[in-house]
Amino acid sequence: MTDKINILIVDDEALLRQGLRAMLEKEDFIRGIYEAGDKEEFIKQTVGQNIDIILLDIRLRKTSGLELLQHLSSFEHPPKVIVVTGLDGVELIVNLLKSGVNGIVYKLDGYGEIIKAINTVRHSGMYLPQNILRIIQSNAKRWDSTPPVVLSFQEKELLKAIANGG
């Protein structure tokens with residue numbers, strides 16, 4: 001596949017978006033790189049551009065990546081979505097897979113893993129690293145009963161305080 005693609009980077013951390021953009025700009029398969037730091041920018045970019053792949057952080061200010069995924073369900077031909085996250089947990093992974101993402105990459109795994117995921121999704125439509133496959137295998141029997149990730153009021157307040165530097 002030699003077609004060039006458009007990528008949308010969705011992360012509320014500007015430094016991460018800018019760093020990822022700088023690295024992706026060197027790749028020969030990239031046509032355009034777009035950015036969104038919040039829900040409004042995400043909607044504007046997904047409606048206004050021909051996006052092929054979205055690199056989506058799940059933890060965003062004022063919304064979540066899971067909520068943004070719901071926005072894509074109305075598209076006739078939605079872009080492919082690779083979740084790039086620092087979060088972990090069986091419930092999160094199961095819920096991401098149930099929501100139809102095309103790949104999951106941990107931020108700690110680095111740029112090489114992101115490129116591997118992009119290329120695999122471009123060519124075969126899905127990228128799941130070994131640790132995600134192990135989660136799928138060990139939770140296959142309880143797939144339908146996995147609850148959505150729900151935070152208590154205290155957990156939400158703690159996360160807000162941490163995010164605001166408190």
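Start with two helices in this predicted model. Helix 2, residues 39-48, packs with helix 3, residues 65-72, at an angle of about 30°. Their axes lie 11 Å apart. Because angles under 35 degrees count as roughly parallel, helix 2 is roughly parallel to helix 3. The crossing of the two is right-handed. Which residues make the contact? Helix 2 supplies K39, F42, I43, T46 and V47. Helix 3 supplies E67, L68, H71 and L72. By character, the residues of this contact split into five nonpolar, two polar and two charged.

Now step back to the whole chain. It has seven helices and seven strands. Read from the N terminus, the elements run β-α-β-α-β-β-β-α-β-α-β-α-α-α. The chain holds 166 residues, and 40% of them count as buried. Take the contacts with a separation of 6 or more: 67% of these join residues 24 or more positions apart.

Next comes helix 1, residues 14-24. Which of its residues are buried? They are R17, L20 and L24. These buried residues cover an arc of only 70° around the axis, so they sit on the same side of helix 1. What do they pack against? Strand 1 (5-10), strand 2 (30-36) and strand 3 (53-56) take part, and so does helix 5.

That last partner deserves a closer look. Two packed helices are described by the angle between their axes and the distance between the axes. For helix 1 and helix 5, the angle is about 65° and the axes are 12 Å apart. Helix 1 passes helix 5 in a right-handed crossing. On the helix 1 side, the contact residues are L20, M23 and L24. On the helix 5 side, they are Y111, I114, I115 and I118. This contact has seven nonpolar residues, no polar and no charged. L20 and L24 appear here, and they are also among the buried residues of helix 1.

Stay with helix 5, which spans residues 111-124. One of its residues is V121. Is V121 buried or exposed? V121 has a relative accessible area of 0%, so it is buried. What does V121 touch, leaving aside residues up to four places away in sequence? The list is I53, K80, I82, N102, M126 and Y127. Pick out N102 from that list. N102 and V121 are 19 residues apart in sequence. In space, their C-alpha atoms are 6.7 Å apart. I53, another residue that V121 touches, belongs to strand 3 (53-56), one of the elements packed against the buried residues of helix 1.

Finish with helix 6, residues 130-139. Its buried residues are I132, I135 and N139. They cover an arc of only 55° around the axis, which puts them on the same side of helix 6. What covers these buried residues? The cover includes helix 4 (90-98) and strand 7 (103-106). Now turn to the face pointing away from the buried side. Which exposed residues does that face carry? They are Q130, R134, Q137 and S138. Helix 6 therefore has its buried residues on one side, and exposed residues on the face turned away from that side.

Conventions
Residues numbered from 1 in each chain as written. Predicted model: local features only at pLDDT ≥ 70, side-chain atom pairs only at ≥ 80, totals over all residues. Heavy atoms only, no water. Axes fitted to C-alpha atoms, helices over the stretch in contact; angles between N-to-C directions. Helix = DSSP H or I, 4+ residues; strand = E, 2+ residues; numbered from the N terminus. Parallel < 35°, antiparallel > 145°, perpendicular 65-115°, else oblique. Left-handed = near helix turned anticlockwise from the far one by under 90°. Contact = heavy atoms within 4.5 Å. Nonpolar A, V, L, I, M, F, W, Y, C, P; charged D, E, K, R; others polar. Buried < 20%, exposed > 50% of the residue type's maximum accessible area, 1.4 Å probe, protein only. Arc of directions from axis to C-beta.
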